[in-house]
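Student: I am new to this structure. Could you help me see what lies behind the words used for it?

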Amino acid sequence: MASLVIQGGVFWISKMKRRQLLIFLLLGLLYTVDAYSQRSIAGIPKIVNYNKFTYKAGPQNWMITHAPNGFVYVANNDGLLEFDGSDWKVYKDLGVVNRAALYHQGRIYVGGYNEFGYYSPNENGVLVYTTLSKGVKRVFRFGEIWKIHELDGVVYFQSNEAIFTYSKNHIKIMKAPARFDFAYIANRTLFVNDAVKGLLIYRRGALVSIDPERKVVTKQLSGVSELDKGRVLISTIDKGLFIYDGARITSWDIPISSLLKKYQINTEAKVNGYHIFGTILNGLYIIDAKGKMVLEVNQDKGLNNNNVICVGTDLENNIWLGLNNGLAKLELNTSLSYIGNSFKIESVYATALWNGKLYIGTNSGLFQIDWSRFLDPMKNDSDFKLIPGSEGQVWNLTVIGGTLFCGHNNGVYTVSGSSLTSIGGIRGGWLFLPIKDNPNKVIVANYTGLALIEKRGSSWAFVNALKGFNESSRFVEQDSDGDYWVSHGYKGIYRLRVNGDYTGYKSIEFFGKHSGLPSDKNNMVAKIGGRLVFTTENGVYSFNPQTKTFYRNQELNKTIRSNRWISYLKQDEKGNIWCVQGDKTSVLRLQEDRSYTTIATPFYPLTRRNIITFEHFYSLPNGMTLIGSEEGMAIYDPAISRPDNSPYKVFIKDITKGDAHYSLSMVDSVDPVFKQGKSPIMISASAPFKNSGASLYSFKLDGFDKDWSPWSENNHKEYTNLSEGTYTISVRAKSYGGEVSPIVSKTIKISPPWHRSAIAYLIYFVIFIGLSVRLKRLYDRNIEKSRKKGEYQQREQFKAREAQLVKEALQAENEMIRIKNENLQDVMRRKERELTLSTMHVIQKNELISKMKAELRKLQGATSDRTIKEKAADIIKKMAKDADNKSEWKTFELHFEQVHEEFIRRLKDRFPDLTSRELRLCVYLKMNLSSKEIANLMNISPRGVEISRYRVRKKMNLERNEGLSEILMEI
């Protein structure tokens, strides 16, 4: 019995287990003794298609090259494409269809119709175009440049009309004898095909024929590459393959020769020892140096179209295809290939190799294919046969003894060849577990617990369901005591002890959070080194039978490097441990010293493609491992992958701010300097192609950031509001497998705004000197002006003093006039008072006379004495005469005119028709006397006063609403 012993974090397997493992390895080696030397690729490598909308250029791509920094460059209809593993860029300086591209010593040479030259970095590191054909075009129209090659520092530009050699800034022209086809370099020799002369090589400055017998008469030379030491492979579009050994040319007939002629080789290249043929009609064919078929890829198997124009590689030796419509990358240098939709295989849940056939359990049924055909790269979807009656969900395939069992949603079956036999009585089969010491009985874990089946003769039959436990039992393991442990994803873990006849249970124990598990959910049972372990939301746990509690297995967690939920954990026959944590798949490979090393990088393409909690890993005798996924099945073949010894690097690709752009992908000597402003600084990084572009990036700007930014798939970083000064930007990258690149840094300078620059300060200094001179002149001028101004001010002061004296004299005179006016006003006021007193005197006198006249008239009426009556009448006459005394009026008028002289004048001017009597009335009204008082003064009745007023209003033409007194007051 195998046992797992933990010593210093290393898992050791017992001697018996080691013997079994050794036997298994020997059987596997004998199974395919030739498999590891030149093994075909069983599946289809990962294909990444790029259409014209992705790279934003033309559909056709003519030649592919790559730079030491990992960037890929493609000659495209619209220009030169650049791909850094994340982002595409198009350079359109050529102005014509770009037919060819080649990287050499920091330059990307390009060519098109009557044009060729190169891109190289300028002082800012940005690629700029330099033409080499300007002088050539003046004397020679050479048409399209189809190929560009380099040999011993000489660059060859090949068109149909000539080959141009470029070396040490000099161009030489080698015209075609008739018309060149295509040129290639192999075994350090330039090969070219001419329409008349045939196959030629360039030797010592001249073209020499290697096919004088014209064995190779072709419409197109599609490729020339090294086959082995001293021999080259010649590929043609219509005549097939030939070998040139340096002396003669012979035809090379291999099993796919007829196919290559039929589908027409358009291009050929040698990559990783393989010969890659791109055809016009059926995609890609790959053979090894012996002509053995390795891989066929066409539109049915994942390409965008079947017309392959060119073949190239990247820094990791992945194959790039220039298609008639788009680009494709084949990850040929990885250990994963795929069986999926192109073979009409959907989600895979189970596989089994049995009796020379591979069985594949999917969500749509059980498929089978002959094992030899499965390994054949020429297989197609018709080779995968759906077994009748298996339609639906297949959960499990297990070989026990000499029987292949199938667990299905509809029940359980045995599989024989291409047919199924149902074992009734069981609904939904999850697992099949053999019973120790009884090969004719098997426990079936199913939707409603456990059931027993047994072999009766040559067939298997349902015996009974074990009563007492009805939970779905998808994860079941048996411990060394014979107890069955069942983990339920939502409830917890059960330990079942069956009775002797397998009809029920002696005991059923439940374990959950109360037993030391982190949670009742997401617990799964597995067996590592012959012992049970339990994956939980917090890593791997083990069970202590004495305390009946679970504890965290520190050593196993340390080996697996886990502190989170593991959805799958299984040890294969070779002792390797397969593990799925979240979206990360890895294998802990058992080493010769019995320790483990973790391998995760090759499984990056499976990220988010595993069927969580339904993961499936199946190890094959030839070293392959089949891995179920949502999109079919992945084939892990470590024999195909080549060691990746290239260091994991990250580049600071571009630094931009506004219109200022620096590129550091080709040169590192650029020192970016930016002007301070509102526009942000954008930094882009790239770790080209490492792990299929699965890098995470972290940035730090010294002088601005306190710490590194969190790991992110975003390879761009933006900084805003940077003040003037010097900063250091640092970038690092991390691969899927956790490998962290060395930190790369670049110093950038933010110069002050123009008004604080050195030139500005120089200008300020010049301005200061100029201003100083100007100010000195102004100062002298101001002194002179001040002197003249002083003299002028002195004169003005004299003038002002004189004016002041005149003003004071005038003020004194005005004061005297004011005093005189005040005296006159006092006189006027006295006269007005005298006038008033005089007026009152006259009024009082007239009133007294009136009263006396009234008394005298009463006396006349009361007496009969004639004398008295006559005397009274005489007195009344005298009184009337005195009341109308004109001299008194003249005196009054004189006083009034002195007081109201101006009033009377203005009144006469405005109303010349007024009589003297009416003027008197107006004067009385002006003095604000009542009608009665006016009547006494004028010796008329009050009624007479009113009549006089009316006459005055009429002469003044007053309206009814206008008051006479108010008008007089205004005059």
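Tutor: Gladly! A search of the whole structure finds zero disulfides, a disulfide being a pair of cysteine sulfur atoms within 2.5 Å. This is a predicted model, where local features need pLDDT of at least 70, side-chain atom pairs count only at pLDDT 80 or more, and totals for chains, interfaces and linings use all residues. Residues are numbered from 1 along each chain as its sequence is written, and side-chain values use heavy atoms, with hydrogens and water left out.

Student: Why is Cys579 called buried?

Tutor: Buried means under 20% relative accessible area, exposed over 50%, and partly exposed in between (1.4 Å probe, protein chains only). Cys579 has 1% relative accessibility, so it counts as buried. Cys922, at 0%, is buried too.

Student: What makes Glu296 and Lys301 a salt bridge?

Tutor: A salt bridge needs a side-chain nitrogen of Lys or Arg within 4 Å of a carboxyl oxygen of Asp or Glu. In this pair the closest N and O atoms are 2.9 Å apart, so the definition is met. Glu296 is buried at 8%, and Lys301 is buried at 7%.

Student: How do you know that Lys344 and Asp381 form a salt bridge?

Tutor: Their closest N and O atoms are 3.6 Å apart, therefore the pair falls within the 4 Å cut-off. The two residues sit in distant parts of the chain, 37 residues apart.

Student: Why is Lys344 called exposed?

Tutor: Lys344 has 59% relative accessibility, so it counts as exposed. Asp381, at 27%, is partly exposed.

Conventions:
Helix = DSSP H or I, 4+ residues; strand = E, 2+ residues; numbered from the N terminus.
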